[in-house]
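Please find below my note on the helix packing and the nonpolar core, set out point by point for checking against the coordinates.

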Amino acid sequence: MISTMIPSRGLIEEAFPGFAVSALVAATAQFLSDHYGAPAMLLALLLGLALNFLAEEGTRTAPGIAFTARTVLRLGVALLGARISAGMLAALGPGAIALVAAGVVLTILFALAASRLVGRGWRFALLTGGSVAICGASAAMAIAAVLPRHEKSERDLVFTVLSVTVLSTVAMVLYPMLAGLFGFTARDSGVFLGGTIHDVAQVVGAGFSIGPEAGETATLVKLIRVAMLAPVVLCFSLAIRARGLSDRRGGKAPPLLPGFVIGFLALATLNSLGLVPPAVSDFAGQLSRWALLIALAAVGIKTSLGKMLEVGAGAIGLIVAETVFLGVFVVAGLHVLG
């Protein structure tokens with residue numbers, strides 16, 4: 001599980017310079033976020049993009065940056081499981097759970113269908129659709145870890161994270177006003193915000209801007225979407241494997257279930273059984289957030305800004321359309337549920 005992601009001593013020594021740079025970028029991004037209010041993940045990406053020369057072949061930092069973008073990312077996703085429990089499902093109720101689950105599945109299917117209209121492949125559709133449907137940047141990085149790699153993998157990942165972070169920030173301001181316009185109760189407002197905004201931090205900000213009940217409900221709904229990350233990644237992995245599209249480095253097929261997904265499920269199970277103390281769960285959540293922020297800084301460093309600009313208007317239109325689709329679906333579902 002998580003132990004399989006711990007590197008050897010020799011690899012640690014080789015990876016340390018690149019990891020240290022990534023951690024410094026992440027800490028700088030968090031400092032700027034705390035003082036100026038911009039999303040930390042967005043700042044980590046932008047700062048990382050400016051340091052692309054540190055990932056060039058032959059530099060001392062390149063191996064560590066690659067390690068951080070891959071292994072630290074998986075550790076961060078696995079630790080997300082410590083925040084998930086079966087009790088959350090019972091607290092939300094079957095109607096809202098069904099609405100959230102259907103929104104995730106249908107948004108991904110919509111992405112697969114719409115991607116053909118803008119000339120994008122299935123990898124890009126799963127990456128953007130999954131990130132919009134589940135939990136923004138965290139989902140994008142987890143899904144990217146199981147998708148077959150190609151020459152534009154890093155560019156697509158950075159574009160997706162950048163887009164969902166910007167859209168989440170816009171939604172944090174706009175969606176509470178829409179909730180009032182639609183006449184939602186505090187609970188329905190929470191379901192709307194938690195079911196549609198991409199990133200956890202922006203969900204919390206939007207929910208508590210309405211009130212405590214809306215904020216608590218929005219956070220709960222968002223964590224239910226986060227809980228769907230493991231089964232969705234597993235389904236993607238199985239489908240890719242069944243179609244013979246998976247990467248085969250060294251002639252070996254990848255594992256049926258990635259180690260970080262096993263770690264996620266194991267921690268979620270332990271938390272559901274009450275075996276993870278609240279203090280440990282909170283610490284794991286903070287550690288997960290920092291691991292993902294550091295990994296995202298490394299992904300930004302690995303990506304060329306020039307290549308980022310090649311993504312095109314079609315890709316931007318696709319991710320905006322996915323966001324609108326999810327929002328319309330959740331609003332319609334709330335009206336049907338009454």
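The points that follow concern a predicted model, and they move from one helix and its partners to the core and then to single residues.

1. I would begin with helix 9, which spans residues 186-196 and is mostly covered, since nine of its 11 residues are counted as buried. The buried positions are Asp188, Ser189, Gly190, Val191, Phe192, Leu193, Gly194, Gly195 and Thr196. These buried residues pack against helix 5 (94-117), helix 8, helix 10 (200-210), helix 11 (212-227) and helix 16.

2. Within helix 9, serine 189 deserves a separate look: is this residue buried or exposed? With a relative accessible area of 3%, and with under 20% as the limit for burial, serine 189 is buried. Leaving out residues up to four places away in sequence, serine 189 touches Ala179, Phe184, Ile210 and Ala214.

3. The packing of helix 9 on helix 16 (residues 313-337) can be described by an angle of about 155° and an axis separation of 9 Å. Angles over 145 degrees count as roughly antiparallel, and helix 9 is therefore roughly antiparallel to helix 16. The crossing of helix 9 past helix 16 is right-handed. On the helix 9 side the residues are Asp188, Val191, Phe192, Gly195 and Thr196, and they meet Leu326, Gly327, Val330, Val331 and Leu334 of helix 16. Sorted by class, this contact holds six nonpolar, three polar and one charged residues.

4. Helix 8 (residues 153-181) is another partner of helix 9, and the two pack at an angle of about 145° with their axes 10 Å apart. Helix 8 passes helix 9 in a right-handed crossing. Tyr175, Pro176, Leu178 and Ala179 of helix 8 make the contact with Ser189, Phe192, Leu193 and Thr196 of helix 9. The classes here are six nonpolar and two polar residues, with no charged residues in the contact of helix 8 with helix 9.

5. Helix 8 also packs with helix 2 (residues 40-49), whose axis comes within 9 Å of that of helix 8 and crosses at roughly 140°. This angle makes helix 2 oblique to helix 8, and the crossing of helix 2 past helix 8 is left-handed. Helix 2 contributes Leu42, Leu45, Leu46 and Leu49, while helix 8 contributes Val158, Val161, Leu162, Thr165 and Val166. By class, the contact of helix 2 with helix 8 consists of eight nonpolar residues and one polar residue, without any charged residues.

6. Turning to the interior, which members of the largest nonpolar core touch the most other members? Of its 95 residues, these are Ile134, Val161, Phe192, Leu229, Val233 and Phe260. The largest share of this core, 10 residues, is supplied by helix 14 (residues 278-302). As for valine 233, when neighbours within four places in sequence are set aside, this residue is in contact with Ala142, Ile143, Val146, Phe260 and Val261.

7. A last residue to inspect is glycine 314, which lies in helix 16 and is partly exposed, with a relative accessible area of 27%. The C-alpha atom of glycine 314 is separated by 8.7 Å from that of leucine 117, although these two residues are 197 residues apart along the chain.

How values were computed: Residues numbered from 1 in each chain as written. Predicted model: local features only at pLDDT ≥ 70, side-chain atom pairs only at ≥ 80, totals over all residues. Heavy atoms only, no water. Axes fitted to C-alpha atoms, helices over the stretch in contact; angles between N-to-C directions. Helix = DSSP H or I, 4+ residues; strand = E, 2+ residues; numbered from the N terminus. Parallel < 35°, antiparallel > 145°, perpendicular 65-115°, else oblique. Left-handed = near helix turned anticlockwise from the far one by under 90°. Contact = heavy atoms within 4.5 Å. Nonpolar A, V, L, I, M, F, W, Y, C, P; charged D, E, K, R; others polar. Core = buried A, V, L, I, M, F, W, Y, C linked by side-chain atoms within 4.5 Å. Buried < 20%, exposed > 50% of the residue type's maximum accessible area, 1.4 Å probe, protein only.
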